[in-house]
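Open the model in your viewer and keep the selection panel at hand. The stops below go one selection at a time.

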Amino acid sequence: MVKEYKTINQIAGPLIFVEKTEPIGYGEFVHIKLPDGTVKRGEVLDTSDDIVVVQVYEGTSGLNKDCSVIFTGETLKLPASIDLLGRILSGSGEPKDGGPPIVPEKMMDIHGAAMNPYSRDQPEDFIQTGISTIDGTNTLVRGQKLPIFSGSGLPHNEIALQIARQAQVPGSDEKFAVVFAAMGITNEEAQYFMDDFEKTGALERAIVFLNLADDPAVERLITPKMALTAAEYLAYEHNMHVLVILTDITNYCEAMRQMGSAREEVPGRRGYPGYMYTDLAGLYERAGVIKGVKGSVTQIPILSMPGDDITHPIPDLSGYITEGQIVVSRELHRKGIYPPINVLPSLSRLMNAGIGKGKTREDHKAVSDQMYAGYAEGRDLRGLVAIVGKEALSERDKKILEFADLFEDQFVRQGRNENRTIEDTLTVGWNILGSLPKSYLGRIDNKIIDKYYPDKPAEE
Amino acid sequence: MEVKGKIYRVAGPVVTIAGIDTKMYDVVKVGHEGLMGEVIKIVGDKSVVQVYEETSGLKPGEPVENTGLPLSVELGPGLLESIYDGIQRPLGVLKEEMGNFIHRGVTADGLDHSKKWDFKACVSPGDSIKPGDMIGSVQETENILHKIFLPPNANEGKIKEIKSGSFTVVDIIGKMEDGTELKLSHKWPVRNPRPVKFKMAPKTPLVTGQRILDTMFPIAKGGTAAIPGPFGSGKTVTQQQLAKWSDANIVVYIGCGERGNEMAEVLNEFPELEDPQTGRPLMERTVLIANTSNMPVAAREASIYTGITIAEYYRDMGYDVALMADSTSRWAEAMREISSRLEEMPGEEGYPAYLSSRLAEFYERAGIVETFNDDVGSITVIGAVSPAGGDISEPVSQGTLRIVKVFWALDSSLSQKRHFPAINWLNSYSLYMDSLSPWYEENIAPDWNDLRGKSMEILQAESELLEIVQLVGSDALPDDQQVTLEVARMLREIYLQQNSFHPVDTYCSFDKQYKLLKGILRYNELAEAALESNVEVSDILHVSSKDELAKLKYEENFDSMIGPVMDQMEKEFSTLGGY
């Protein structure tokens with residue numbers, strides 16, 4: 001017998017406080033029936049003999065003390081099925097595309113369990129995204145979580161879509177299944193993604209979860225968990241390689257802050273809750289590869305840095321958890337360069353495991369290191385030129401300065417539909433390195449220089 | 001005697017229980033599944049428990065048992081080569097029991113209770129022994145003799161019986177006259193430091209094979225160091241390099257609230273890498289504790305204590321133990337999270353007011369000591385700190401820096417230039433320099449300290465010159481300063497930069513460090529002399545042997561190559577002076 005309680009004592013923000021219940025489990029899934037018959041859903045945040053605190057996903061508007069509360073005795077679950085592919089769902093997993101209801105093969109707890117570190121396999125399969133600044137200098141591998149740090153008005157969505165379109169493991173025809181979770185993005189942005197998915201036929205191997213800007217903030221907190229549960233299902237039950245795109249993590253964190261303040265918690269830095277690190281880790285750490293299992297989960301979370309500030313708590317805590325970051329730069333964007341990825345603050349921690357002989361090419365690391373060093377020095381020199389003028393530079397400095405320009409113009413810049421193979425990327429790299437004399441290439445082994453250094457300079 | 005109570009309230013990892021008497025830090029089993037937790041607060045007839053496992057589904061009214069014992073680890077042969085979660089459950093056993101994901105309610109012994117060890121007694125019936133005295137030993141791995149002691153928390157007395165032979169860690173190997181049973185293993189509460197006879201002053205360096213650490217900012221065996229740095233600046237790589245190459249006998253590596261994939265990397269690599277001292281697989285001297293960021297937060301809080309207790313146990317056997325904690329910030333955040341659920345009055349940035357005393361207590365468990373068995377053992381603690389926004393004015397960094405003696409300042413502007421290890425040579429410091437100087441003079445070379453001093457001087461001069469260069473350009477500098485800039489560049493690029501992914505460069509012996517440093521500074525001497533005899537500065541800067549020197553660090557047969565390169569350098573300079 002499922003009991004209905006009509007003992008709501010207090011409603012505050014997204015929370016309701018229910019009295020005089022039987023023992024209720026922590027984290028239990030809750031239905032709230034409104035007098036007009038609509039049903040809202042929620043989750044138990046705090047339970048004791050005296051009072052139970054429930055967080056309502058769809059927000060508390062329209063609730064009053066006459067509502068009845070039903071505790072289901074279970075935690076929130078995703079109805080997982082292979083038929084989810086090709087479907088568009090709401091942020092809490094309800095069909096939104098007018099299609100039939102989902103017939104679950106398995107009910108899965110959306111909070112997921114932590115992967116045993118002992119079961120993890122080291123991610124080392126190179127993913128070719130076709131974007132030079134990622135493949136060449138910040139390589140993505142299967143099982144990695146590599147966020148895009150961006151800012152408002154920058155083309156992070158285009159980059160994410162280009163990755164989703166082009167990503168593949170060279171030498172295998174397998175396409176990635178894409179799980180796309182939108183959190184608090186505008187209807188227009190969502191439309192942009194959907195159009196692209198439909199146009200390219202990507203939708204049939206994608207699952208889309210949409211929580212839009214006007215959907216309740218509290219629903220945002222479960223959207224990525226739903227999406228990652230679906231991804232784990234595809235990866236570990238159906239042996240698929242899954243690419244998860246989460247956008248925008250900043251909206252997710254704002255929702256977390258909103259909930260925290262509704263619960264009257266002690267706020268941490270900039271008002272975000274103290275457990276934000278643990279909470280974000282609970283999302284990001286769900287990327288990975290398991291020994292002896294064929295599927296994998298790779299994550300590309302997108303987050304817009306408030307005020308382009310990389311030390312803001314959201315990018316800061318993310319950066320401590322994720323395996324690197326791709327930083328989109330306003331400066332490059334203003335110069336009209338697409339994709340405006342600034343490689344200097346960007347990083348892929350798993351790059352070394354995924355590149356080199358037998359994976360990409362023997363010269364990959366050396367080329368990448370040399371370009372980094374050259375570009376970093378070149379950018380420093382730009383500052384110097386602004387003060388002392390180009391004439392005061394030494395011969396070497398002038399060459400380096402020119403290299404930095406070539407790097408942006410030829411290596412970073414590419415077309416929105418230009419899918420460069422890793423060979424192409426390295427060739428572009430060598431062409432621009434060819435503008436420097438061999439003796440400047442201190443980070444490259446002589447043998448490799450002899451083999452790959454272009455015969456004629458790049459500016460043919 | 002176990003008494004039953006029941007759950008009163010559940011809020012995340014913090015559970016309030018009632019109807020049961022508890023002491024602070026008692027371990028209790030909560031709910032029908034017996035989830036492990038620890039009492040952290042007592043209010044009236046209720047106790048507040050932090051639970052080490054996921055609590056969803058837990059209901060008020062479920063039963064609670066008090067074990068009456070504090071959180072303890074099981075110490076004995078078999079710790080080495082293990083990989084544990086924060087409360088010493090072997091992850092391999094958890095995998096067998098629960099599959100690839102960690103669910104809850106599984107208990108697992110810290111040591112394998114079925115494996116037999118060959119025990120050799122070194123005392124006989126009738127001998128009087130005190131707590132901490134050795135009673136025998138087990139060969140744990142090829143190089144580690146595992147000494148078995150009368151546990152420090154036992155009573156002194158006479159041995160009634162003891163025998164050598166093949167035993168598991170729970171078998172009885174002997175008895176004391178008062179009836180105390182002797183075993184190969186014993187339990188120790190993690191929050192209590194293990195006693196020692198006395199602590200000594202550190203006098204020998206922990207050799208790490210990392211040039212910037214060994215030469216510029218050394219840490220002593222028994223010392224403490226902190227590596228604060230923003231994300232992506234190389235904390236974890238530095239910690240792993242230390243775990244791989246330092247000349248400790250035992251390494252305890254705590255992955256506290258960090259990435260799962262990084263632990264997978266360690267697990268993949270360590271069994272294949274060789275210990276540079278013994279040639280055996282690195283894993284044979286390593287204990288790993290992996291409580292990744294998505295594993296329960298209370299167990300993360302405990303992981304640091306679990307690690308240091310294991311380290312102390314091996315120190316008591318007279319070994320040099322190095323403990324890496326990556327990252328202490330995650331540990332502090334776990335404290336903050338628990339503290340805020342307890343609704344404690346927060347201190348700075350929401351951290352509990354007791355943060356700095358907890359940090360101090362932890363680092364104080366490092367040190368070089370004489371044990372009750374008259375051995376000398378040490379624990380060197382190296383803690384990574386992950387300051388929010390890379391700004392070390394935050395409480396965890398500040399609390400740490402007040403205690404530790406060595407500060408390796410990671411710098412993101414260096415890591416963006418791919419200068420690794422990205423340790424800033426101007427901001428870092430080591431307070432062990434003076435106490436270690438005699439060791440260097442005796443064991444490396446009499447002029448070692450002078451070389452180090454000279455190179456720091458040049459690097460310091462460079463930073464001042466660079467400010468001028470920013471204004472006038474480098475060509476406008478006088479000749480001697482241009483030489484200084486060049487030597488500083490060589491020091492940075494040849495000496496301080498070290499490629500941890502390069503098979504040869506990843507480890508640099510003291511001998512090689514000395515020769516390399518000497519080579520660079522010899523160039524400086526020759527260049528200065530050449531300037532005096534009016535040689536053109538551009539000729540000095542184009543000496544080709546210095547480029548040769550730059551590539552030498554990657555060569556396997558460095559030793560045979562350095563001589564000819566240096567000879568060539570002398571020759572080149574002598575021809576320069578010739579006209």
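Where in chain B does B:S327 lie? This is a predicted model, and B:S327 sits in its loop between β23 (320-326) and α6 (328-341) of chain B. Select B:D326 along with B:S327: the peptide bond joining the two is cis, with omega about 10°.

Stay in chain B and move to B:F420 and B:P421. The bond from B:F420 to B:P421 is also a cis peptide, and its omega is near -10°. B:P421 belongs to the loop between α9 (412-416) and β27 (429-430) of chain B.

**The whole of chain B**

Zoom out until chain B fills the view. Chain B holds 16 helices and 27 strands. Its radius of gyration is 27 Å, close to the 25 Å that the globule rule gives for 579 residues, so chain B is as compact as a globular protein of that length. Measure along the principal axes in the viewer and the C-alpha trace should span about 95 × 55 × 40 Å.

**A sheet in chain B**

Next, select β11, β14, β16 and β17 of chain B. These 4 strands make an open sheet, in the order β11-β14-β16-β17, with antiparallel pairing. β11 (128-129) and β17 (181-183) are the edge strands; each has a single partner strand, so one side of each is left without a neighbour in the sheet. For a detail inside the sheet, pick β14 (residues 157-162) and β16 (residues 172-176) of chain B, which run antiparallel and are joined by 3 bridges. B:I162 has B:G174, in β16(B), as its bridge partner.

**The whole of chain A**

Switch to chain A, which has 14 helices and 21 strands. What radius of gyration does chain A have? The value is 25 Å, which agrees with the figure near 23 Å for a compact globule of 460 residues. The box filled by the C-alpha atoms of chain A is roughly 80 × 50 × 40 Å along the principal axes.

One backbone stop here is A:D308, a residue other than glycine with a positive phi, near 55°. Look for A:D308 in the loop between β19 (296-304) and α8 of chain A.

**Where the chains meet**

Show both chains and select the residues in contact across the boundary: 73 from chain A and 70 from chain B. Together the two chains bury about 6,000 Å², with 53% of that area on carbon and sulfur atoms.

How many salt bridges are there between chain A and chain B? The count is 3. One to display is the pair B:K6 and A:D49, whose side chains meet at 3.6 Å, N to O. Polar contacts between the chains amount to 31 residue pairs, both residues at pLDDT 80 or more.

Now colour the chain A side by element. β5 (39-48), β11 (114-115), α7 (276-284), α8 (313-321), β21 (341-348) and α11 (364-388) of chain A each supply at least two residues to the side that touches chain B. Of these, α11(A) gives the most, with 8 residues. Recolour that side by class, and there are 35 nonpolar, 23 polar and 15 charged residues.

For the last stop, select β11(A) together with strand β9 (residues 101-102) of chain B. These strands run antiparallel, with 2 bridges joining them across the chains. Centre on A:A114 to find its bridge partner in β9(B), which is B:I102.

Notes
Residues are numbered from 1 along each chain as its sequence is written. Chains are lettered from A and ligands numbered from 1 in the order in which they are written. Side-chain values use heavy atoms; hydrogens and water are left out. Contact means heavy atoms within 4.5 Å. Buried area is the accessible area (1.4 Å probe) that two parts lose on being put together, summed over both. A salt bridge is a side-chain nitrogen of Lys or Arg within 4 Å of a carboxyl oxygen of Asp or Glu. A polar contact is a pair of N or O atoms within 3.5 Å; within protein, one must be able to donate a hydrogen and the other to accept it, and residues adjacent in sequence count only if both atoms are side-chain atoms. Ala, Val, Leu, Ile, Met, Phe, Trp, Tyr, Cys and Pro count as nonpolar, Asp, Glu, Lys and Arg as charged, and the others, Gly among them, as polar. Two strands pair if DSSP finds at least two bridges between them. The radius of gyration is taken over C-alpha atoms; the globule rule is 2.2 Å times the number of residues to the power 0.38.
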